[in-house]
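Dear colleague,

I am passing on the structure below, and after it I set out what was found, beginning with the cysteines and going on to a helix pair and the interface between the chains.

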2 protein chains.
Amino acid sequence: MTEQELLRLVGTIGEIDAPIMNQVRERWDSLTKPPHSLGKLEDVVVRLGGIQGSIEPSVSKRTVLCFAADHGVVAEGVSPSQQVVTAEMVRNFLDGGAAISVLSECCSCDLKVFNAGMVHQVEDSRIIQNPVSSGTGNMMREKAMTRDMTFQALSIGYNAAVREIDEGRNLLLCGEMGVGNTTSASAIYAAVTGIDPARITGTGAGLPPARVQHKVDVIRKALALHNPDPADPVAILCAVGGFELAAMCGVMLAGAVKSCAVMVDGFISGASALLAMLFHPRVKEYLIFSHQSGEEGYQEVCRHFAIDPLVNLNMCLGEGTGAVMVLPLIDNALSCYYKMATFAEAGVTEIDV
Amino acid sequence: MTEQELLRLVGTIGEIDAPIMNQVRERWDSLTKPPHSLGKLEDVVVRLGGIQGSIEPSVSKRTVLCFAADHGVVAEGVSPSQQVVTAEMVRNFLDGGAAISVLSECCSCDLKVFNAGMVHQVEDSRIIQNPVSSGTGNMMREKAMTRDMTFQALSIGYNAAVREIDEGRNLLLCGEMGVGNTTSASAIYAAVTGIDPARITGTGAGLPPARVQHKVDVIRKALALHNPDPADPVAILCAVGGFELAAMCGVMLAGAVKSCAVMVDGFISGASALLAMLFHPRVKEYLIFSHQSGEEGYQEVCRHFAIDPLVNLNMCLGEGTGAVMVLPLIDNALSCYYKMATFAEAGVTEIDV
């Protein structure tokens, strides 16, 4: 997909359906419980109604799209894992041993795994091979991606999401695997928000606290070198992004264009979400933020953008696990919405206020 | 059960199994994910191991025990609901139309409903009839319960829990239905913690904010009248408690005596939990706090007692819904614990720190 095509499609993103949302709220208030007493879960069902344009929303057909890619910046010693772990974990995803494999099976969620640009190859017919390149450039010395690469990576996610939606999926979830991608995500947060990298950079997947300062220094140098426009998501992706981060951003854009809700996982996909919201602010209405990451600074970002994730279980696993983990909560909420009795049906006296 | 018998049993509560918990932690750390990256859910599985004395904990057989009762204090206008709603909602529980009915079915949790002392009767063979009396006394004018009534109500819960555990249940959940019971719960919190009632009294199930001050005044007068010893759970229950609150406290005591985990719901069962912890501080180790109630002041109580509920979804429905809602999260965590591959099995390189 060309840059022009993608930007034209993003321009078509519409508002979600407010009258439908009011009807869903009315249904909630007719049920035998105190008003709004299912809290955030009522709100999610209201928004799903607005996104799907239906007072009978559903998330019965869902897929978690996991994009794997590598990051040149790991040469700077920002990760405790060797780069081969990206490929080893992708094989683990496919073989059913990873958390995302177990959770997607438990939660009746299809799992699709994409090679968006790994350094080490996984030859397996179950992986969808869409590599942009063999890892990104090292952001501390060069741009992570050219403009062409960035649109290629955005298109991987966009096209994958469109295929899923056209096949009848009503909820998409985002996941990733990429050694070094918390560095890219922290750099994106700092670039978009202007927050000091020291306040938005943490231990990622097990970096010793003593080495976090080095990770901060790398991010500072990369941002000083490229100085991307904080309002330009493409410039930020080129400078400090990653193939999997761009691909997830593409999924979110496609969800908004095609009126399909997209669940955001935690720290990494949250960075993709901020960029998607820079492409078009209405994208936010189509996103369901699942998990409040414990990674340094994420809470501040959430406050800044009025994002209120559903839960905070102190998870920091990535892969899309936070998003898949909370699926049963949404299933439970929808069951209440469809199966609870109204005050009239149950003969329960409404409150007297 | 006599007072002496119950206190003797409480004295037998033992510590949970620390060596088993270490073994469960070691298993978690061997799995292909960053250490402790499933956060609070890893901690729950560790504690279930310690409670059950097994490195293979299970919550496959679970029952939510719902106790319904009425409160004399509703004569003071502290609730927006009429007292008949307690019985109407109990019928709705049984007929499958209430949130707790829907959720317990979705989450494969048995639901048992007890009449612990309602004013209006529900004649139905599916309700377990254990009424202590026809509602409690009005705490603003007299003690809510005599000492005999309090032990009778504690025994309802204790005996119900023992029956479930003896039949092979490995997780119990607490729920309640009782118009006026947020007033009783707020009074218990104030009595135990010494917090000003104004800081721990909210709108309950839909009281208009303008009437909360009156509810606070009622609680203040009741506590001034009875002045219960803040360290004596029986005195507090007699003064400002309720049959369902005492019954849930009894479930928690039985869980600790018989080494079975008990899930605490939100604001109401949280008050029962504080009292159970006054009976014996070790009870806390057997409790899983499920939902951070949005009710005024609950967060302060949680901080005070180092209680960290799993989620905060802004739910305020009672019935046990918060506890049942999060069951799938624990199921998911156990699935990860049992089904994920170890680093050795998957051939994934461990992090290099």
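Is Cys66(A) buried or exposed? In this model, which is a predicted one, Cys66(A) is buried, its relative accessible area being 1%. Its sulfur has as its closest cysteine sulfur that of Cys174(A), at 8.9 Å, and since a disulfide requires the two sulfur atoms to lie within 2.5 Å, this separation is too far for a bond. In chain B, Cys238(B) likewise counts as buried, at 6% relative accessibility, and the closest cysteine sulfur to its own belongs to Cys249(B), 12 Å away, which is also too far for a bond. Over all chains, the count of disulfides by this rule is zero.

Turning to the helices of chain A, α6 (residues 147-166) packs with α9 (residues 233-240) at an angle of about 105°, the two axes being 9 Å apart, which makes α6(A) roughly perpendicular to α9(A). On the α6(A) side the contact is made by Arg147(A), Thr150(A), Phe151(A) and Leu154(A), and on the α9(A) side by Val234(A), Leu237(A) and Cys238(A). Of the residues in this contact, five are nonpolar, one is polar and one is charged.

As for the interface, 53 residues of chain B are in contact with 53 residues of chain A, and the two chains bury about 4,300 Å² between them, with 66% of that area on carbon and sulfur atoms. Within the area that chain B buries against chain A, Leu313(B), Asn332(B) and Thr349(B) supply 12%, which is more than any other three residues.

With best regards

Definitions and conventions:
Residues are numbered from 1 along each chain as its sequence is written. Chains are lettered from A and ligands numbered from 1 in the order in which they are written. This is a predicted model: local features need pLDDT of at least 70, side-chain atom pairs count only at pLDDT 80 or more; totals for chains, interfaces and linings use all residues. Side-chain values use heavy atoms; hydrogens and water are left out. Buried means under 20% relative accessible area, exposed over 50%, partly exposed in between (1.4 Å probe, protein chains only). Axes are lines fitted to C-alpha atoms, for helices over the stretch in contact, and angles run from 0 to 180 degrees between N-to-C directions. Helices (H or I, at least four residues) and strands (E, at least two) are DSSP runs, numbered from the N terminus. Angles under 35 degrees count as roughly parallel, over 145 as roughly antiparallel, 65 to 115 as roughly perpendicular and the rest as oblique. Contact means heavy atoms within 4.5 Å. Ala, Val, Leu, Ile, Met, Phe, Trp, Tyr, Cys and Pro count as nonpolar, Asp, Glu, Lys and Arg as charged, and the others, Gly among them, as polar. Buried area is the accessible area (1.4 Å probe) that two parts lose on being put together, summed over both.
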